[in-house]
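The following account leads the reader through a single protein model, from individual side-chain contacts to the overall fold and back to local detail. Please keep the structure in view while reading.

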Amino acid sequence: LTCQLTRHTPVNMASMMATRASTTSALPRSPHRSSLGSFTSRRSHRGASVVLAAGTEVCDPKSPHAPCSVTAPTTLSALAMVSSVQADTAHLEMIERHANDLTGAITNPSLILMAATTKTDGSNLMEHIVRHASSGRVGGSATFDNRIDAEGADVELSGMSESAEGLTVDVGCEITKLLAKNAGVVSTELDTGLAYAPPRVIIDRAKRLMDLYVQRRVSPQRVMIMLPATYTGIEACQKLERDGIACNMTLAFSMAQAIACADAGASVISPYVGRICDWHAAHNGDAPVLSGAGGDAGVRFVKRVYAYYKSANIPTRVLAASIRTPAQALQLAGVDIISCPPSVLEELAATTTDKAASQTVVRHLSPASIELPADVDLDDNVPIDSYDEEFILSKCLDDTHIPVSRLRFLDEKQFWMAHHADEMASEMLTAGISQYQLHTHKLETLMAKMGSGAI
């Protein structure tokens, strides 16, 4: 990662998006980024219209300049007008049912396991599992200490079995077919057993995943590789983006991760709304944290990352992941991307008994909605040369502070210091990686039993 911390000229938020097309980022950008889902949906909905909302201006929902309200036959359709909506599920029938409102979907062993062990997906997913089961082996994913030398000796990796990896890509290919109308994007999770592996190992595995999609005639422009937002994962992201492979950085819980992912030129970052809220509920449960004026703790974190990226003119898009309720999704209406699980998709898509009725969604997030400090000097371009611990932590841990300029860590030590200083972020990143590894093992066990005829 870039070894300096600088302050760039903040931009006027009212004109930022109008000039973004002519703005050149200091970081290399993926040639696929512009085609991987725009700020808003590219679709129009029959019966959809823009209305005047209290305290907002009438606006085109495809324009990022100002807050607005939109109406459509369903809440899901209205939400899809102001944010790109993706399915956080491997339920193929459900993805097909809501395809008109989706611009993408997520696929990983956890979601495949969840879909495979419920009765709501029908037989489509099981057919893919059966096809890969006989060639599989059950193997635990390798784990790595986060202090591993990125240039150290070669490491023998067991990782995800080829059959499980092939199954994940197979399901991803099916998703691209279901979302062909909107050129939907599939985000495929890299084996989280590689979360702390040397960057070159992560890069090789990511390119292998992409090659599997290309062999199945899926355009690289419709695939994003999901990497855990560890330091080595972020380093690998930087190289992959330069090579034209778009990355979605997952398990994001801290501003340290948000800062580093932006500096690496990641296409997308995925803060986990529900898991952040879960941690706070388990540790304190006070009302302001769970349901404050700006939303719960997870919603507020997404808003903070979004505000930082837009105010600092950072092109990385924010994907609100781990959405648990329709309320969380609606509070984040306007964020670049929202991924919704089956229960939330179904509730948002529910229509009223009155066929003439329409649903209204207020767009809460837009670059124009960000309130910058009154004392910001828009002509200030003085380098920041203070790298002491107090300065760094003030930027990362003060959840009332929104940086208006791009920040960069000097090194890995600085990154982990800032990340681990946030107790929630430190615990949830470790727990998230472990959970994904456990689900991968369970999926491989299921496949091995099916391959042996035990099921």
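Which residues does Glu 346 touch, not counting residues up to four places away in sequence? In this predicted model, the contacts of Glu 346 under that condition are with Met 94, Arg 97 and His 98. Glu 346 belongs to helix α14, which covers residues 342-349. The relative accessible area of Glu 346 is 33%, so this residue is classed as partly exposed, given that the class lies between the limits of 20% and 50%. The C-alpha atom of Glu 346 is 9.6 Å from that of Pro 326, a residue 20 positions away along the chain.

The setting for these contacts is a protein with 17 helices and 11 strands. Of its 455 residues, 59% are buried. Among contacts with a sequence separation of 6 or more, 73% join residues that are 24 or more positions apart.

The interior may be approached through its nonpolar core. The largest nonpolar core has 127 residues, and Tyr 309 and Leu 332 have the most contacts inside it. Helix α17 gives the most to this core, with 10 residues. With neighbours within four places in sequence left aside, Tyr 309 is in contact with Ala 258, Cys 261, Ala 262, Ile 269, Ile 314, Thr 316 and Val 318.

Cys 261, one of the contacts of Tyr 309, leads to the matter of disulfides. In general terms, a disulfide is a covalent bond between the sulfur atoms of two cysteines. How many disulfides does a search of the whole structure find? The search finds zero. For Cys 261, the nearest cysteine sulfur is that of Cys 237, at 6.4 Å; a disulfide requires a pair of cysteine sulfur atoms within 2.5 Å, and therefore Cys 261 is in no disulfide. Cys 261 has a relative accessible area of 0% and is buried. Cys 173 is also buried, with a value of 6%.

Helix α12 (297-311) and the segments that come after it offer further buried positions. Is Arg 304, in helix α12, buried or exposed? Its relative accessible area is 7%; because this value is under 20%, Arg 304 counts as buried. Beyond its neighbours within four places in sequence, Arg 304 is in contact with Met 255, Lys 395, Cys 396, Asp 398, Asp 399, His 401 and Ile 402.

Asn 313 is placed in the loop between α12 and β9 (317-320). Most residues other than glycine have a negative phi. Asn 313, however, has a positive phi, near 60 degrees. With a relative accessible area of 15%, Asn 313 is buried. Ser 322 likewise has a positive phi, near 55 degrees, and is located in the loop between β9 and α13 (326-331). The relative accessibility of Ser 322 is 10%, which means that this residue counts as buried.

Ser 322 is also a contact of Ser 339, a residue of strand β10 (residues 337-340). Not counting residues up to four places away in sequence, Ser 339 touches Gln 86, Asp 88, Leu 319, Ala 320, Ala 321, Ser 322 and Ile 323. The relative accessible area of Ser 339 is 1%, so Ser 339 is buried.

The next topic is enclosed space. The structure contains three cavities of 30 Å³ or more. The second largest cavity holds about 40 Å³ of space. Its lining comprises 10 residues, and those nearest its centre are Pro 109, Glu 189, Thr 192, Tyr 436 and Thr 440. Two elements, α4 (109-116) and α17, each give two or more residues to this lining. By class, the lining of the second largest cavity has four nonpolar, four polar and two charged residues. Helix α17 thus appears in this lining and is also the element that gives the most to the largest nonpolar core.

Ala 421 completes the tour, in the loop between α16 (412-420) and α17 (423-452). At 38% relative accessibility, Ala 421 is partly exposed. Apart from residues up to four places away in sequence, Ala 421 touches Leu 393 and Leu 397. The C-alpha atom of Ala 421 is separated by 9.7 Å from that of Ala 256, although the two residues are 165 residues apart along the chain.

Terms used
Residues numbered from 1 in each chain as written. Predicted model: local features only at pLDDT ≥ 70, side-chain atom pairs only at ≥ 80, totals over all residues. Heavy atoms only, no water. Buried < 20%, exposed > 50% of the residue type's maximum accessible area, 1.4 Å probe, protein only. Helix = DSSP H or I, 4+ residues; strand = E, 2+ residues; numbered from the N terminus. Contact = heavy atoms within 4.5 Å. 1 Å grid on protein atoms, 1.4 Å probe; cavity = no way out; pocket = protein on both sides within 12 Å on 5 of 7 lines; lining within 4 Å. Points joined across faces, edges and corners; volume = space filled by probe spheres on them. Nonpolar A, V, L, I, M, F, W, Y, C, P; charged D, E, K, R; others polar. Core = buried A, V, L, I, M, F, W, Y, C linked by side-chain atoms within 4.5 Å.
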